[in-house]
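User: Hi! I am new to reading protein models, and I would like to learn how to describe what I see. Could you walk me through one?

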Amino acid sequence: MDAATAAERLAALGAERVDHRFKGLPPDAQGLTLAELAAERRNLFTGGFTTPVLALSAERLDHNVRLMETYAARHGLAFAPHGKTSMAPQLFHRQIEHGAWGITLAVPHQVRVAREFGIQRVFLANELVDPAALRGLAADLAADEEFHFVCYVDSVRGVELMDAALHGTARRVDVVVELAAGEGARTGVRTEEECAAVADAVAATRTLRLVGVAGYEGEVPQADPDRVRAWLRRLTALAVEFDKAGRFAGLGEIVVSAGGSAWFDAVADVFADIPELSAPVLKLLRSGAYVSHDDGHYRKLTPFTRVPQEGGLEPAFRLWVQVVSRPSPEQAFANAGKRDAAYDLDLPFAQVVRRDGEERPATGVSVTALSDQHAWLRTAPEADVEVGDWIGLGLSHPCTSFDKWQLIPVAEADGTVVDYIRTFF
């Protein structure tokens, strides 16, 4: 797909009409296109938006995208941010505009979404053995010579299934052997000997091409800097051994890939020591949660806490809810719950209270539980909370924040909504 067609499909998102599908949008905007609504530059707090409403900070989103662009460039890394975090083609293209090599994805449906919006480089950080999905992939590769696709393999059986489904296809599918992060970890080959067997199986096909090695250090058991770096050195050593054995003969580049959102500093350090191989090495980092960052899990785990001289990500999400009940001095309830807020890693964090246009810290307010559509709030004696107040909640875990919202306003610091991000889960 050419750039003009991709741009047209992105622009077509703005032609969608405001209707019942989208939570939190102003009722009086019904029937407007999203482009028309964005052009009105309504204020999140005074422009008719209803609670609950999830918003992204325009300034923080921009900061995070630019920071990871400079970080990857500084460390000589190619960057394929994991798109399963946001499943937002608008953000995919913004990431690519800021230096991303392509987009990482996890399952065939996500690849279909990315391709629909013109993403030309996809790294599937997963095994792919479904015959229907493989036939669809083969058709896409045959129809578009510029489409670059890579996926994991981790078993001889998986290679055999791929080969059977791809029999007679025009282009070989590029694959990387996934090295498991350790015993009891997630997917991946457990030993180097088994890695060689999988690589041999790939070489025996006419449908697959081995282009490198990969894995996910976030699954290292009892992960700490030493254990993570030790596993990353195993991964790079595997690439060196495969190259010595001639397994990458004839390639224009060799892929070595790792990198979630908690240990990319270790990836940068270890990948810097990859020796010269028979072809240039594409050192591919795949961190995804950085795009919005968060106020909980990744705020604690981000490598920027270990290397503060390299900068710092900023949490870009805030979920605005309204207090609808104050049954006692110690308790209040807001109108958002599990259907609206991430809760798989941490409960939301009460940050600010808005009343009559004034915003102040949510002192003495904490979220203690979530029902489907209610947040349970504990209110200490110092808490100043009334029915009708808006409370801004910070969230933990971007991946389960994006997926609860089909449309997310992007607001500037003063509340002016300048864009709307469409998600496809």
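User: Let's begin with helix α4. Which elements do its buried residues pack against?

Analyst: Happy to help! Keep in mind that this is a predicted model. The buried residues of α4 pack against α1, α3 (58-74), β3, α5 (108-116), α12 (399-402) and β18 (417-422). Those buried residues are Pro89, Gln90, Leu91, Phe92, His93 and Gln95. Just after α4, Gly99 has a positive phi of about 95°.

User: How do I describe the packing of two helices, say α1 and α4?

Analyst: Two packed helices are described by the angle between their axes and the distance between the axes. Here, α1 (residues 3-13) and α4 (residues 89-97) pack at about 135°, and their axes are 10 Å apart. That angle makes α1 oblique to α4, since only angles over 145 degrees count as roughly antiparallel. The crossing of α1 past α4 is left-handed.

User: Which residues meet there?

Analyst: From α1 come Ala6, Leu10 and Leu13, and they meet Pro89, Gln90 and His93 of α4. By type, the residues of this contact divide into 4 nonpolar, 2 polar and no charged. A general idea helps when you look at such lists: an α-helix has 3.6 residues a turn, so residues three or four places apart point the same way.

User: May I try another pair? At what angle do α6 and α7 pack?

Analyst: Helix α6 (residues 131-143) and helix α7 (residues 156-166) pack at about 55°, with their axes 9 Å apart. That makes α6 oblique to α7. Their crossing is right-handed. On the α6 side, the contact is made by Pro131, Leu134, Arg135 and Ala138, and on the α7 side by Leu161, Met162, Ala165 and Leu166. These residues divide into 7 nonpolar, no polar and 1 charged.

User: Now for strands. In what order do the strands of the open sheet run?

Analyst: First the general idea: strands of a sheet pair through backbone hydrogen bonds, either parallel or antiparallel. In this model, an open sheet of 8 strands has the order β2-β9-β8-β7-β6-β5-β4-β3, and the pairing is parallel. Its edge strands are β2 (78-79) and β3 (103-105), each of which pairs on one side only. For one pair inside the sheet, look at β4 (residues 121-127) and β5 (residues 148-153), which pair in the parallel sense over 5 bridges. Phe123 has Val150 in β5 as its bridge partner.

User: Which strands of the sheet does helix α9 touch?

Analyst: Helix α9 (residues 225-244) packs on the sheet and touches β6 (173-178), β7 (208-214) and β8 (254-258). The direction of α9 makes about 165° with that of β8.

User: What about strand β1: how many of its residues are buried?

Analyst: In β1, 5 of the 5 residues are buried, so β1 is largely enclosed by the rest of the structure. Val53, Ala55 and Ser57 point one way, while Leu54 and Leu56 point the other way.

User: Which strands does β1 pair with, and in what sense?

Analyst: With β10 (residues 317-328), β1 pairs in the antiparallel sense over 4 bridges. There, Ala55 has Arg318 as its bridge partner. With β17 (residues 407-411), β1 pairs in the parallel sense over 2 bridges. In that case, Leu56 is partnered by Val410.

User: Are there backbone details I should look for in the loops?

Analyst: Yes, let's take the peptide bond first. The bond from Thr51 to Pro52 is cis, with omega near -5°, and Pro52 is in the loop between α2 (34-40) and β1 (53-57). That loop between α2 and β1 also holds Arg41, which has a positive phi of about 50° although it is not a glycine.

User: Is Arg41 buried, exposed or partly exposed? And where does His293 lie?

Analyst: Arg41 is partly exposed, with a relative accessible area of 46%. His293 lies in the loop between β9 (281-285) and α11 (297-301). His293 is not a glycine either, yet has a positive phi of about 55°. At 4% relative accessibility, His293 counts as buried, because buried means under 20%.

Note on methods: Residues are numbered from 1 along each chain as its sequence is written. This is a predicted model: local features need pLDDT of at least 70, side-chain atom pairs count only at pLDDT 80 or more; totals for chains, interfaces and linings use all residues. Side-chain values use heavy atoms; hydrogens and water are left out. Axes are lines fitted to C-alpha atoms, for helices over the stretch in contact, and angles run from 0 to 180 degrees between N-to-C directions. Angles under 35 degrees count as roughly parallel, over 145 as roughly antiparallel, 65 to 115 as roughly perpendicular and the rest as oblique. A crossing is left-handed if the near helix is turned anticlockwise from the far one by less than a right angle, and right-handed if clockwise. Contact means heavy atoms within 4.5 Å. Ala, Val, Leu, Ile, Met, Phe, Trp, Tyr, Cys and Pro count as nonpolar, Asp, Glu, Lys and Arg as charged, and the others, Gly among them, as polar. Buried means under 20% relative accessible area, exposed over 50%, partly exposed in between (1.4 Å probe, protein chains only). Two strands pair if DSSP finds at least two bridges between them.
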